Amino acid sequence: IYISKTSNIFFKNIHIWKIFTHFLNSVEKQESVGVKMDPEEKYNQMKPYAGMPKEVLLLYSSQARYRVPREVLFWLMVCVTLALVAVTITVIALSPRCLSWWQASPVYQVYPRSFKDSDGDGVGDLKGIMEKLDHFQYLNIKSVWISPFYRSPMKDFGYDVEDFRDIDPLFGTMQDFEELLAAMHDRGLKLIMDFIPNHTSDRHRWFNLSRIRDPHYDDYYVWVDCDPNGPKPNNWVSIFGNSSWTYDEVRGQCYLHQFLKEQPDLNFRNPNVFQEIIDIIHFWLKKGVDGFRMDAVKHILEAAHLRDEPQVDPNKPPVSLVTTEWDLHSDYTTSQVGLHDLLREFRAVLDTYSREPSKYRFMVTESYDYDEVEKTMMYYSTHLVRESDFPFNFYLLDLPHNASGVWAKHLVHIWMGNMPRGEWPNWVVGNHDRHRIGSSAGPAYVRVINMLLLTLPGTPTTYYGEEIGMENINVTQSEIQDPAGKYNTSASRDPERSPMQWNGDMNAGFNNKTNITWLPVHPDYETVNVEVQMKDSGSVLSQYRFLSNLRESELALHRGWFCYIHADANVFSYLRELDGLNRAYLMVLNFGKESAITDLSSIPELPDQLMVLLSTNQVNDGKVYQKSQIQTEAGEGLVIQYSTSRRYNPNHPEECYVSEKACYLPTINILYKC
């Protein structure tokens with residue numbers, strides 16, 4: 001290499017020397033005949049040529065015919081660069097914020113005991129979830145919420161936590177969790193953990209130390225003097241029934257438990273307890289989890305004065321008949337002053353881990369506030385203070401109570417009419433505490449309810465099995481596992497927690513190693529399962545998948561206007577549109593008990609003819625209706641796509657909602673604030 005480089009330099013220098021010698025000879029020749037030359041003119045006598053020396057190059061480059069074009073090109077490039085920078089800044093300034101991952105797809109709830117058993121013990125586990133990650137991607141699911149898998153004595157199936165920093169052996173190991181999390185992230189999936197701040201198990205180390213009055217842990221829980229054989233400290237009632245107070249013989253006092261007696265309430269008025277919970281949140285965030293579902297948050301604080309709560313029926317004998325939460329107004333055990341300060345501190349911790357791109361940490365709160373929806377709305381963040389990204393919306397769980405379009409609109413409007421301006425809605429139609437929609441509403445209504453869920457604005461949440469229309473199982477008294485069912489058979493939550501139905505094999509593919517399942521498999525598993533429905537384009541699963549993909553791909557559906565159109569005894573109809581986009585969607589959903597013909601001829605913004613993109617009754621796909629005669633059968637839903645330049649929302653602002661207004665500019669295919 002050295003010899004080669006040296007040779008190149010040598011021969012290059014010889015070439016330059018030859019050129020220079022040739023030039024000197026020509027100069028000497030001209031001088032010999034009496035021609036006197038200016039030194040600069042010596043170079044002017046030669047034309048530019050390849051390989052010319054630097055002096056010749058500089059001489060020619062300074063001439064106007066070379067200099068001017070060069071300067072013009074330079075300043076043109078500067079102007080173009082500045083223009084591109086200006087356009088980029090303008091586009092960024094005018095563009096609405098991008099949707100975060102928790103807004104981009106449905107949230108899928110996995111109940112780990114029932115999802116997939118990998119080791120044959122009859123109980124689902126973390127490795128089983130990892131085996132089924134393809135299912136989430138098939139459904140275009142990007143956010144997965146997994147119910148508790150902490151170490152627990154399982155008195156409430158994981159909601160009684162013995163160790164917040166460990167995995168229960170029933171579900172696997174910490175290594176199994178880390179491998180699951182890494183596999184999910186590799187596939188672009190986000191993991192939301194269930195977090196239970198209100199209480200622990202009575203086998204937790206903190207409680208055992210508090211029982212013996214360890215100085216540091218003495219008031220980690222709510223203790224009150226009481227007579228073991230006398231009346232309780234007050235009339236407070238547990239969620240599971242009967243008194244919220246249990247006498248502990250070791251300590252000689254009563255402790256508070258708003259759930260099972262095996263789930264003592266933490267005392268958040270002790271700053272050490274608060275710091276313990278903060279440290280646990282840090283622990284899991286450092287592991288890489290993407291967010292938390294905060295369980296039972298309204299119960300975190302209770303009134304320090306411990307007064308009796310007022311009875312709903314003042315005339316009912318308090319001692320013998322006040323035994324359930326419905327007998328009392330929960331004025332002193334829920335939603336106390338200081339609750340939101342605690343939750344905002346939790347949020348602040350998550351925010352410290354949200355600074356990297358695409359690493360946003362999500363927080364959703366669970367609070368059943370029923371007719372006090374204004375309490376639920378307080379969990380939303382504001383422009384001044386951040387709290388949860390949204391509180392869970394449970395109002396659609398009441399859909400089966402009244403099969404009508406008016407009722408469906410009413411439940412939707414409870415949320416949309418009370419949600420703070422600019423916030424993001426969400427919708428839940430099933431979970432591990434409520435009967436499956438296939439049983440509560442009936443199998444004929446599963447498709448139309450899923451269509452509602454996936455076409456409303458905001459984030460839908462799907463409980464495992466709802467995408468295939470699973471129904472409740474029948475559980476005999478001897479088979480009851482749920483502690484709530486042991487207190488009250490009719491309150492058992494076991495029916496909606498049966499094993500996931502993957503195929504028609506043994507145990508529906510939930511456990512293919514042994515013939516054991518912690519709860520019975522539904523007898524319809526041979527026809528209602530994932531494998532069968534993947535092959536049927538008209539199945540519940542196929543329609544769910546189509547709507548999930550449509551929601552992501554269509555701007556009008558995932559960030560456009562939502563407008564009420566019509567509601568009657570059977571049909572609820574609404575549209576989704578985006579300003580500037582000539583494609584919009586009309587939903588016509590029949591929640592009633594009979595077929596109906598819907599007349600929308602009074603709406604000039606709709607074209608006269610409407611073609612069905614998707615019907616829950618596959619034979620009606622592609623059918624064309626006159627807008628004055630849109631026919632639906634009971635339980636049928638229609639997604640109608642139409643083209644129009646007329647917008648509905650400008651003329652009906654009281655009927656329309658949007659979280660963040662945006663417009664579409666088709667010429668350059670961008671969204672902008674408008």
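In the predicted model, an open sheet of 7 strands runs in the order β19-β18-β21-β16-β15-β14-β22, and its pairing is antiparallel. Its edges are formed by β19 (624–626) and β22 (656–657), each of which pairs on one side only. Within this sheet, strand β15 (residues 571–577) and strand β16 (residues 583–590) are joined in the antiparallel sense over 6 bridges. One residue pair can be named here: Arg576 has Tyr585 in β16 as its bridge partner.

Strand β15 also contains Ser573. The relative accessibility of Ser573 is 0%, so this residue counts as buried, the cut-off being under 20%. Leaving aside residues up to four places away in sequence, Ser573 touches Tyr564, Ile565, His566, Leu586, Met587, Val588 and Leu600. Among these contacts, Leu586, Met587 and Val588 fall within the residue range of β16, 583–590.

A second open sheet has 8 strands in the order β11-β10-β9-β5-β2-β1-β13-β12, and here the pairing is parallel. The edge positions are taken by β11 (390–391) and β12 (426–428); each has a single partner strand, so one side of each lacks a neighbour in the sheet. In general, the strands of a sheet pair through backbone hydrogen bonds, and the pairing is either parallel or antiparallel. Both kinds are found in the model, with parallel pairing in the sheet of 8 strands and antiparallel pairing in the sheet of 7 strands.

Strand β10 (residues 362–365) can be followed to its partners on both sides. With β11, strand β10 pairs in the parallel sense over 2 bridges. Val364 stands opposite Phe390 in β11, and Thr365 has Pro391 in β11 as its bridge partner. Strand β9 (residues 291–294) pairs with β10 in the parallel sense as well, over 4 bridges. In that pairing, Arg293 has Val364 of β10 as its bridge partner. Val364 is thus named in both pairings, with Phe390 of β11 and with Arg293. The two faces of β10 are both covered: Phe362 and Val364 are buried on one side, and Met363 and Thr365 are buried on the other.

Burial is also found in a helix. Helix α17 (residues 446–455) is mostly covered, with 9 of its 10 residues buried. The buried residues of α17 include Val446, Val448, Ile449 and Asn450, together with Met451, Leu452, Leu453, Leu454 and Thr455.

For the protein chain as a whole, the secondary structure amounts to 21 helices and 24 strands. The radius of gyration is 35 Å, well over the 26 Å that the globule rule gives for 674 residues, so the chain is more spread out than a compact globule. Along the principal axes, the C-alpha atoms fill a box of roughly 135 × 75 × 50 Å. Of the 674 residues, 51% count as buried. Among contacts with a separation of 6 or more, 68% are between residues 24 or more positions apart.

The accessible surface of the protein chain is about 30,800 Å², and carbon and sulfur atoms account for 54% of this area. The chain carries 65 positive and 86 negative charges, and the mean positions of the two sets are 11 Å apart.

Technical notes. Residues numbered from 1 in each chain as written. Predicted model: local features only at pLDDT ≥ 70, side-chain atom pairs only at ≥ 80, totals over all residues. Heavy atoms only, no water. Rg over C-alpha atoms; globule rule 2.2 N^0.38 Å. Buried < 20%, exposed > 50% of the residue type's maximum accessible area, 1.4 Å probe, protein only. Contact = heavy atoms within 4.5 Å. Areas by Shrake-Rupley, 256 points an atom, 1.4 Å probe, with all protein chains shown as cover. Lys, Arg positive; Asp, Glu negative; His and termini not counted. Charge placed at Lys NZ, Arg CZ, Asp CG, Glu CD. Pairing = 2+ DSSP bridges.
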